[in-house]
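Me: I want to learn how labels get attached to parts of a protein model. Let me ask about them one at a time.

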Amino acid sequence: MTSKQTRVGMGFDAHRYLSTQNGSTNTVILCGIEVPSTYDIEANSDGDVGLHAIIDALLGSVDAGDIGMHFAPGDTQWKGARSSMFLKHALAIVHEKGDELINIDITIIAEKRYISSYRELCVKNSASYYLLASDALV
Ligand SMILES: Nc1ccn([C@@H]2O[C@H](COP(=O)(O)O)[C@@H](O)[C@H]2O)c(=O)n1
Ligand SMILES: C[C@@]1(CO)OP(=O)(O)OP(=O)(O)OC[C@H]1O
């Protein structure tokens, strides 16, 4: 008989803000959705800090390294890449190892802009990537 183990992964990411010429039409990507922002995010990919942190947590939970080991920082092939693609890769590794995702808890630290009005959309959208009910992603 095999016993089931619960593994916990912890992820973190931080990106600098950049000024933008686009003014009020500018957006950044957060948990896969476009959020209006008067700043840009400095990144090689789409700079989705939310998904990058989750990807690190997923990879860490199954001892599969971190995001930079799978998608090298600065590699031009990832220029502007959507982070949902990186996430798909990390999830596939979790599933290949016979593990399943039960719950995600994510904290976004951003003094500007105030993002609570996007919270529900971010949760619903992120949960859809994992086929999780949105109450499993908080
Ligand atoms: N001092 C460091 C910092 C990062 N890495 C690798 O790069 C990846 C991306 O890191 P960010 O800080 O830019 O998010 C990270 O996953 C590491 O693989 C490093 O090797 N040394
Ligand atoms: C996935 C990568 C690929 O360039 O994306 P970045 O946008 O550079 O983001 P970061 O969180 O700094 O590091 C992860 C990188 O490996």
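Me: Why is Asp46 called buried?
Reply: This is a predicted model, so the value is computed from it. Asp46 has a relative accessible area of 15%. Buried means under 20%. The value falls under the cut-off, so Asp46 counts as buried.

Me: What makes Asp46 and Arg82 a salt bridge?
Reply: A side-chain nitrogen of Lys or Arg must lie within 4 Å of a carboxyl oxygen of Asp or Glu. For Asp46 and Arg82, the closest N and O atoms are 3.7 Å apart. That is within the limit, so the pair is a salt bridge. The two residues link distant parts of the chain, 36 residues apart. Asp46 is in the loop between strand S4 (39-41) and helix H1 (49-61). Arg82 is in the loop between helix H2 (67-70) and H3.

Me: Is Arg82 buried or exposed, or in between?
Reply: In between: its relative accessible area is 41%. Exposed needs over 50%, and buried needs under 20%. Neither fits, so Arg82 is partly exposed.

Me: Why can such side chains pair at all?
Reply: Side chains of opposite charge can pair when their charged atoms come close.

Me: How do you know that Arg7 and Asp99 form a salt bridge?
Reply: Their closest N and O atoms are 4.0 Å apart. The rule asks for within 4 Å, so the pair counts. Arg7 and Asp99 are 92 residues apart in the chain. Arg7, at 46% relative accessible area, is partly exposed. Asp99, at 25%, is partly exposed as well.

Me: Why is Glu120 called exposed, but Lys124 partly exposed?
Reply: The cut-off for exposed is over 50%. Glu120 has 54%, so it passes. Lys124 has 49%, so it does not pass and is partly exposed. These two form a salt bridge, with the closest N and O atoms 3.3 Å apart. Both lie in helix H4, 4 residues apart, about one turn of the helix.

Me: What makes the pair of Ser45 and ligand 2 a polar contact?
Reply: An oxygen atom of ligand 2 is 2.6 Å from an N or O atom in the side chain of Ser45. The limit is 3.5 Å, so this is a polar contact. The protein covers 87% of the 370 Å² of accessible area that ligand 2 has on its own.

Me: How do you know that His52 makes one too?
Reply: A polar side-chain atom of His52 lies 3.1 Å from an oxygen atom of ligand 2. That is also within 3.5 Å, so it counts.

Notes. Residues numbered from 1 in each chain as written. Chains lettered and ligands numbered in written order. Predicted model: local features only at pLDDT ≥ 70, side-chain atom pairs only at ≥ 80, totals over all residues. Heavy atoms only, no water. Polar contact = N/O pair within 3.5 Å; in protein donor to acceptor, adjacent residues only side chain to side chain. Areas by Shrake-Rupley, 256 points an atom, 1.4 Å probe, with all protein chains shown as cover. Buried < 20%, exposed > 50% of the residue type's maximum accessible area, 1.4 Å probe, protein only.
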